[in-house]
Structures are given as structure tokens and as C-alpha cells.
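Student: I have a structure open and would like to know how its labels are justified. Can we go through them one at a time?

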Amino acid sequence: MSAEATNSPAPATLPPAGPQPGHRSPGKARRARRSIFLRRPFFTVALIVALGYVLAAAFAPFVAPYDPVMQSMEAMMQPPSGAHPLGTDSYGQDILSRVIYGARYALVIGIFSVLIGAAGGLVIGLAAGLSGGWVEWALMRLIDSILALPSLILAVAFIAILGQGVDKVVIAVGLSMVGPFSRTVRADVMQVKVQGFVEAAHLMSIPSLQVIRRHILPNVIFPLAVQVTIRISEAILVSSSLSFLGIGVTPPTPDWGLMIAEGRDFVSFAPWMSAMPGFALALLLIALSIVGDGIREEYDPKSRRGA
């Protein structure tokens, strides 16, 4: 063999024609760079609607044309008109003003009751997931007993104990939602505590409270926050159902469930009394459900892993 053949450089190796591991295709990269608002148009519309409710509730004194509890005998059950765009009820109260203020009560009850349920579920779920033995068994039986009944039935039972009023409804609805949050937190804790970094922290004799604070809670809080956004609509529906049944918010509070119940006797000749608050409630529930589902599909690790 000649020296020229021996000293000739080796031919360059061409990369394989297929996609390289760890590299995304240009189409996937472009889709990943696109904003969630462009990829999910229904989510964007629902978010705008939900933000509109939030702004109306926050600035209700400046948006509402009338005092929501002001009564007028001359304006009883007037149909929608220029003076009263959504009509009036049997007491002459402006329905548009009551719907706007009703959004404030609905969101306050929904948000704070879900926060109560999430806080209780976080404590019980952590204790059940980390304790083991008879403590875990007892806590799981408590969670199962809560989940055995619908949230509305549990809320009715708590209202019977606590009494009526906005604050009582918040507590009752929040307690009725502890079970679902507890089950979610316990499942996440069971997955996290067997991970290698948690076991390594225990082997390094790091205190248990520090392990929970630094390693377990950060991996549990975010999925819990996603569940909070999903269950706000459920809390609003339960609170409105309590008011519709006459055991929730007391008159003359501008609550949507109470307004729908008050308009039942006049639905044949004054349908706007129930239709307007019912439409406002349905639209908010649909918007919050779409927003919650979009957030879960976008940011929940379990949903993204299955995608």
C-alpha cells in the first residue's frame, strides 16, 4: 500500500438523515414558541370573559347604574328598557345592578371557599401521604367519607350547623371541598417522597420538616394551584345552589342563586327576573371551566406527560 493512501485523511462522517435525539423539529419549536393565547383561542375568549366579571365585581359601585338594594314601587317588574337594561324585579330593584354586585359575591365566595378547601386538603393530604400506618388509614377513611357525598349535600349539612350568611356559606363550601384537595395532595406526596432526591435528603440526616419544606411542598403546591383554578366554578355553583334553596345568602343580598329563586313565581310573565341572573351565572361558570381546563392542560405535569 502506498504512502499517499496511508496518509490520506479519513472521509468525513455524515450525520444521519433522521432527526437528532434531543432536538425538536422546526414545527414543534414554532408551536412551543407560540403564546398560549394564540394556541388556545377558546381559552383566550374565556379568560377575557372571566376578567370582565372580575373587573365588574371590583368596580361595581362605579359600574352599576343603581343601588342594588334600592326598591321602587313604581318600577316593579318592568321589562328591559333604556332606564333598566335588564329590567326590574318584584321589588322594583334594578336587575343589572344586582347582577353586577352578584358577581362580586359569587367570586368572593368561590375564591375564598376554594382557598379554605385547598388549605385543609394540603394539611390532611400531607399528613396522610407522609405518616403511614394507622394515621394514614384514619385520614384516608375521613377523606373517603367526605368524598362519599356530593359537595352540595355536605355544604347543606354545614350550613345547618353554622347558619346562614355570606361568611357561613364560604366556610361551608370550603369544608365541603376539603376531600378532593386532600386526595390530590396525597397522591402527589406519594409520588414525590419515593424520588431519589428525597431519599438522598433523608440519608444525609436532613430534618424532616426541612425536607418537606424544600423538596416536597414545591412539588405539591403547583398541582394544587392548578386544581384551585379548576374548582372555583364548582364552588360558585354550590354557593348559588344553596342560595337558590333558601339556605345560603339571605335577602336582600344581590346573590344570583337568590335572584333566580325569587323570579320562579313570576317566570310566566316576567321571565327576565330569573333569566338574566341565570345567564350571568352560566356564562361565568363556562368561562371559568374553560380557563381552568386550559391551565391544567398547559401547566399540569401529568397532563403534559400524557400529551
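Student: What makes α12 a bent helix at L217?

Tutor: This is a predicted model, and in it the axis of α12 turns by about 50° at L217. The bend is the angle between axes fitted to the seven residues ending there and the seven starting there. A proline, P218, follows within four residues.

Student: How do you know that α12 falls short of a straight helix in its span?

Tutor: Helix α12 covers residues 208-244, and a straight helix of 37 residues would span 54 Å at 1.5 Å a residue. Between its end C-alpha atoms, α12 spans only 47 Å. After α12 comes G246, with a positive phi near 85°.

Student: Why is the contact between E297 and R40 called a salt bridge?

Tutor: The cut-off is 4 Å between a side-chain nitrogen of Lys or Arg and a carboxyl oxygen of Asp or Glu. The N to O distance for E297 and R40 is 2.9 Å, so the pair qualifies as a salt bridge. A search of the whole structure finds eight salt bridges.

Student: What does the pair E297 and R40 tie together?

Tutor: E297 lies in helix α14 (residues 272-299), while R40 is in the loop between α3 (36-39) and α4 (41-58), so the pair ties together parts that are 257 residues apart in sequence.

Student: Are E297 and R40 buried, exposed or partly exposed, and how do you know?

Tutor: Buried means under 20% relative accessible area and exposed means over 50%, with partly exposed in between. E297 has 39% and R40 has 22%, so both are partly exposed.

Student: What makes E136 and R186 a salt bridge, and where do the two residues lie?

Tutor: The closest N and O atoms of E136 and R186 are 2.7 Å apart, so the pair is within the 4 Å limit. E136 is in helix α7 (residues 133-147) and R186 in helix α10 (residues 178-192), 50 residues apart. Both E136 and R186 are buried.

Student: How do you know that D167 and K168 form a salt bridge?

Tutor: Their N to O distance is 3.3 Å, so this pair also passes the 4 Å test. D167 is partly exposed at 46%, and K168 is partly exposed at 25%. Elsewhere, salt bridges that share partners join R141, D144 and R183 into one network.

Student: Why is G121 called buried?

Tutor: The relative accessible area of G121 is 0%, so G121 is under the 20% limit for buried. G121 lies in helix α6. Leaving aside its neighbours within four places in sequence, G121 is in contact with L126, V178, F181, S182 and V185.

Student: Which residues have the most contacts inside the largest nonpolar core?

Tutor: They are I236 and W256, in a core of 49 residues. Beyond its neighbours within four places in sequence, I236 is in contact with residues including A106, L107 and L281.

Student: What makes M77 and the bond between P251 and P252 worth a remark?

Tutor: Most residues other than glycine have a negative phi, and most peptide bonds are trans. M77 is not a glycine, yet its phi is positive, near 50°. M77 sits in the loop between α5 (60-63) and α6 (95-131). The bond joining P251 and P252 is cis, with omega about 0°. P252 is in the loop between α12 and α13 (256-262).

Terms used:
Residues are numbered from 1 along each chain as its sequence is written. This is a predicted model: local features need pLDDT of at least 70, side-chain atom pairs count only at pLDDT 80 or more; totals for chains, interfaces and linings use all residues. Side-chain values use heavy atoms; hydrogens and water are left out. Buried means under 20% relative accessible area, exposed over 50%, partly exposed in between (1.4 Å probe, protein chains only). The expected span of a helix is 1.5 Å times one less than its number of residues. A nonpolar core is a set of buried Ala, Val, Leu, Ile, Met, Phe, Trp, Tyr and Cys residues joined through side-chain atoms within 4.5 Å. Contact means heavy atoms within 4.5 Å.
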